[in-house]
Amino acid sequence: REIIGPRKTLNETIDYVETRIPKMPDVKNVNAWEQHAAKTRAAVFDQVIFRGEAAAWRDAKTGVEWLETIEGGPGYRIKKVRFEALPGLWIPALLYEPEKLAGKVPVVLNVNGHDAKGKAADYKQIRCINLAKRGMIALNTEWFGMGQFADGNSRHDLINHIDLCGTSGIATHYLAMKRGIDLLLSLENADPARVAVTGLSGGGWQTIFISSFDTRVTLTDPVAGYSSFHTRIKNFSDLGDSEQTPSDLATVTDYAEMTALMAPRATLLTFNAKDNCCFAADHALSPLLDAAKPIFQLYGKEDRLRSHVNHDPGTHNYLVDNRQALYRMLGDHFFAGDSAYDAKEIPSETEVKTADALKVELPSDNGSLHSLALGLSRNLPAGPAMPNDRSAAQSWRDERSAKLRSLLRARNDDADATQIGVETKDDLKITLWRLKVGPAWSVPVVECVKGDPKATTLLLADQGRQSAATSIRALVEKGERVCAVDPFYVGESRIAERDYLFALLLATVGDRPLGVQASEIAATARWMHSQRKLEPVSIMAIGPRVSAMALAAAALEPSAIARIELQETYGSLKELIESKASYNQSPELYGFGLLREFDIAQLAALAAPRPVTIVRPSERARKELASLKGWYATWGVEHEPLR
């Protein structure tokens, strides 16, 4: 039966996120803005990009290795180069260099988007060739997951695996771009006053992300690559993947403000009128200009903020019209007064090379997003070990439960219940409830009971309550009351459109999906226990996702939850990393730093002395959770968790 409806959770998530996205500050002068900008950049570095081991990556010494030089075309050559984004993770790149170099010249970092051809994409090659023919040095870098990185080991959602370990996965993207700029500025002929970045789509996102925070960039041209978070929650085509929506970014800043952070540096915002992918000009462009214009005006540099809307072909592209807009911008700001400079594209199609010709050799043991997550996870969790005496065990449990609550950003909201309907068939009574948990979330609950029940079970299932009919029936026939619950992102509470992208949005505004779910389950248990005046409830969780939710809820709610039964649970969160599991299948399990502090064994230990029972455990679960029996003995309880 429908209780909350298919779009309720989607609409509630939009409402919840929208109020938490930062808005532009009201600043009256340049000094106030620059203080705010410096504070924002520092907060992004400290609270978003360089957490955990990423701080060491930022400060590490990294290498650059020049390989062969190949013939380019008239007036330029191509140098193959690889550089370390962080120790052991090499990025392949191509340097397009004019044959005749004299004095200081502009340098341009060319990043690419979600194009399987990567750095070999023809429109990117033509752009780099044209830059070199105009006397600039252009660096064409490969992006994770594309081109030479298209082996599945640098899939973008694998940065969430790094997040799980308590290290910022987004740092890999940022450092790849930063090291590219480092490389360009190390060149003898590089002019540090003329440093540009540009790219299409995901390359447009990369462009604004590095340009906003790295003030060495003096000109930026992101093409069809981003919009404000305020825009995205109303235009679902713009919702960004893991790299565009990193954990906690929107606790500090929004992309509209990031555009303003470019002031007074030269900024060209390029969008497409009929974009068939994302970031169409009619909705994406104006909010960015509205945010940035007043800041450029404070500096008296309105002419440095420009926009270009492409109509031919108007779809998602970085073709000749958009390229010529870049050349004009570069001419006006990097070649002002040069009468010989021409912004018309120089035909170069015959000089485009194959991917094989442009392949850059990489070390056989080159790192990847997957190998980084594996390495980080190896010695986790790093929290204090479970003690072996009762007094210390109680302190450990209480302290670690508080740590979990903080890590999950969990709330202690109560549930307000509305009865939606009652059905009776023979002696089976079914009551439909809609719970409102706190100010934000609706939770559907189906209560099934026969006669005078002996106990109450709160039932959760990865595939939603409809998938658990057999288990519900069996419990009811045993004489139990069953309340089948669909918490956030499960069953009827699953988000109707672009589901996992909204889970990313929750994390970027500072919440954690697992925290929302655990809070809902805990509130439901309290409602059943106190408002319904039932005995403390048992939880049956069917599936690895709801098993983690149940354990987290039990840690948050020590009174209303009496025992927990887990079916099909993971033995370790490391299984997600080892199998390269997709974020979109279980977004709640990738909360930032969860594995750094807790694995499944530690989460289960927080329930003690209440019994946690793992039914038909996998071999991995038997191995990882074997110590729980001894943990219960520490509490003076004889319990075998593995059944």
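This text walks through the nonpolar cores and the cysteines of a predicted model.

Start with the interior. The largest nonpolar core holds 174 residues. Within that core, Ile49 and Phe209 have the most contacts. What does Ile49 touch, leaving aside its neighbours within four places in sequence? Val44 and Ala54 are on the list. So are Ser168, Ile170, Ala171 and Tyr174. Phe209 and Phe213 complete the set. Ile49 and Phe209, the two residues with the most contacts inside the core, are thus in contact with each other. A second core of 34 residues is separate. Ala120, Ile129, Ala196 and Leu200 are among its members. In soluble globular proteins, nonpolar side chains tend to be buried together.

Now turn to the cysteines. How many disulfides does a search of the whole structure find? The search finds one. Cys277 and Cys278 form it, with their sulfur atoms 2.4 Å apart. The link between Cys277 and Cys278 is right-handed, with 70° about the S-S bond. Are these two partners buried or exposed? Cys277 counts as partly exposed, because its relative accessibility is 37%. Cys278 counts as buried, because its relative accessibility is 7%.

Other cysteines are buried too. Cys165 has a relative accessible area of 2%, so it is buried. Cys483 has 1% relative accessibility, so it also counts as buried. Why does Cys483 not bond to Cys448? The sulfur of Cys448 is the closest cysteine sulfur to that of Cys483, but the two are 8.1 Å apart, which is too far for a bond. A disulfide here requires sulfur atoms within 2.5 Å.

Terms used. Residues numbered from 1 in each chain as written. Predicted model: local features only at pLDDT ≥ 70, side-chain atom pairs only at ≥ 80, totals over all residues. Heavy atoms only, no water. Core = buried A, V, L, I, M, F, W, Y, C linked by side-chain atoms within 4.5 Å. Buried < 20%, exposed > 50% of the residue type's maximum accessible area, 1.4 Å probe, protein only. Contact = heavy atoms within 4.5 Å.
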